[in-house]
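Reader: Before I trust the labels attached to a model, I would like to see the reasoning behind them. Could we go through them one by one?

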Amino acid sequence: MACASATLLKSSPIIDKFEWIKGQNLRQPSVAVVRCHPTSALTIRASSYADELVKTAKTIASPGRGILAMDESNATCGKRLDSIGLENTEANRQAYRTLLVSVPGLGEYISGAILFEETLYQSTIEGKKMVDVLVEQNIVPGIKVDKGLVPLPGSNNESWCQGLDGLSSRTAAYYQQGARFAKWRTVVSIPNGPSALAVKEAAWGLARYAAISQDSGLVPIVEPEILLDGEHGIDRTFEVAQKVWAEVFFYLAENNVLFEGILLKPSMVTPGAECKDKATPQQVADYTLKLLHRRIPPAVPGIMFLSGGQSEVEATLNLNAMNQSPNPWHVSFSYARALQNTCLKTWGGRPENVKAAQDALLTRAKANSLAQLGKYTGEGESEEAKKGMFVKGYVY
């Protein structure tokens, strides 16, 4: 006999943007037990952060805006700095990250910024907390929480992502510091299989991370990146992507993850970087949207694509093609190199170039904002912005 009624769980109130930082006490997940039969019980989990998670996800997935991924590890940031002749010191990392977060008007086009742990606790060169600078621009601070890729024993030279140990305490601390969303990146390699083991490991790790993050009040970005490495065609990418996303959502459901309180960061469906048959933006859009419609529930508020080594212009053109007709989700961007490349080179580590570098970042952010609205034309783009950035075996 079905239950006559169930107790509704009280959710947290919807927050204003400036409440992300001020006066937030950690709230613990609540559990309700609804007894439907004398011999059985149905346990329903519901985080007290539920309303806040949905509100944060919708704020990030707002029209004409996307995510600035500036969560490069200190080692990777060092590679970027080395490319312009700068030493990898905390002072130089601080100077570059200050440049990024303090671009005037950035919040018009950027809704969220993914930070590395150092940046979350860092101040600008003027002594103001990076988190506060972002919030003042209506940009939601986020945090990279995975601990990187390591070899997966028993696989075909594939990887798995570590970082679940201690994640609950870390995400709770990040929430107190002002972060309101999280990011966990794992990868799938098509040339290496991918093996069923690697796909399952990627999906399970993402699901556990997502559940833990939501319990701490952080909206999880779910990112199983299908690497561009390889000579395979677009049909093979599509085939693998379907398998990966089927596994991901199976385990997200198994872990009771609230779909309305997550964001996705998928790869676009493209041929391998070394494939002779290149795809047009329309082909990329057609395959990618077909994948989304087959695998992604409409409850998910935002699809924030990674660029994965595409050129700045290529990533923007492909995003624009996907927004030529209405989608059930907010289809947008979460770019790192495809937003920062020209900016970094323009800056060159020189204080007198900060304004020009910030203008370059704003130009890319505006271009991708137009692409999210389906209004980007590609006119007036520089040759630098058209250069591909694929690196075989790229490590973050």
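Author: Let us begin with a charge and a ring, bearing in mind that this is a predicted model. Arg180 lies over the face of Tyr175, at 3.7 Å from the ring centre.

Reader: What makes Arg180 count as lying over the face of Tyr175?

Author: A charge sits over a ring if CZ of Arg is within 6 Å of the ring centre and within 35 degrees of the ring normal. For Arg180 the distance to the ring centre of Tyr175 is 3.7 Å, which is within the 6 Å limit, and the label therefore fits as far as distance goes. Lys290 is placed over the face of Phe238 as well, at 4.9 Å from the ring centre.

Reader: Why is the aromatic pair of Tyr96 and Trp347 called stacked?

Author: The structure holds 9 aromatic pairs, and in this one the centres of Tyr96 and Trp347 are 5.4 Å apart, with 20° between the planes. Rings pair if their centres lie within 6.5 Å, and planes under 30 degrees apart count as stacked, so both values of Tyr96 and Trp347 meet the cut-offs. Because Tyr96 belongs to helix α3 (residues 90-101) and Trp347 to helix α11 (residues 337-347), the pair ties together parts that are 251 residues apart in sequence.

Reader: How do you know that Tyr96 is buried, and that Trp347 is buried?

Author: Buried means under 20% relative accessible area; Tyr96 has 3% and Trp347 has 4%, so both qualify. Trp347 is also among the residues that touch the most other members of the largest nonpolar core, which has 108 residues. Helix α8 (residues 234-254) gives the largest share of this core, 10 residues.

Reader: Which residues is Phe249 in contact with, leaving aside its neighbours within four places in sequence?

Author: Phe249 is in contact with Phe259, Ile262, Leu264, Arg295, Ile296, Pro297 and Val300. Of these, Leu264 stands opposite Ile303 in strand β11.

Reader: What makes both faces of strand β11 (residues 302-305) covered?

Author: Gly302 and Met304 on one side, and Ile303 and Phe305 on the other, are all buried. In a regular strand the side chains alternate between the two faces of the sheet.

Reader: How do you know that β11 is paired with strand β10 (residues 263-264) and with strand β12 (residues 330-335)?

Author: Two strands pair if there are at least two bridges between them. There are 2 bridges from β10 to β11 and 4 from β11 to β12, so both couples meet the criterion, and each couple runs parallel. The chain passes from β11 through helix α10 (residues 312-322) to β12 in a right-handed β-α-β crossover.

Notes. Residues are numbered from 1 along each chain as its sequence is written. This is a predicted model: local features need pLDDT of at least 70, side-chain atom pairs count only at pLDDT 80 or more; totals for chains, interfaces and linings use all residues. Side-chain values use heavy atoms; hydrogens and water are left out. A nonpolar core is a set of buried Ala, Val, Leu, Ile, Met, Phe, Trp, Tyr and Cys residues joined through side-chain atoms within 4.5 Å. Buried means under 20% relative accessible area, exposed over 50%, partly exposed in between (1.4 Å probe, protein chains only). Contact means heavy atoms within 4.5 Å. Rings of Phe, Tyr and Trp (its six-membered ring) pair if their centres lie within 6.5 Å; planes under 30 degrees apart count as stacked, over 60 as edge-to-face and the rest as tilted. A crossover is right-handed if, with the strands pointing away from the viewer, the path from the first strand over the helix to the second runs clockwise.
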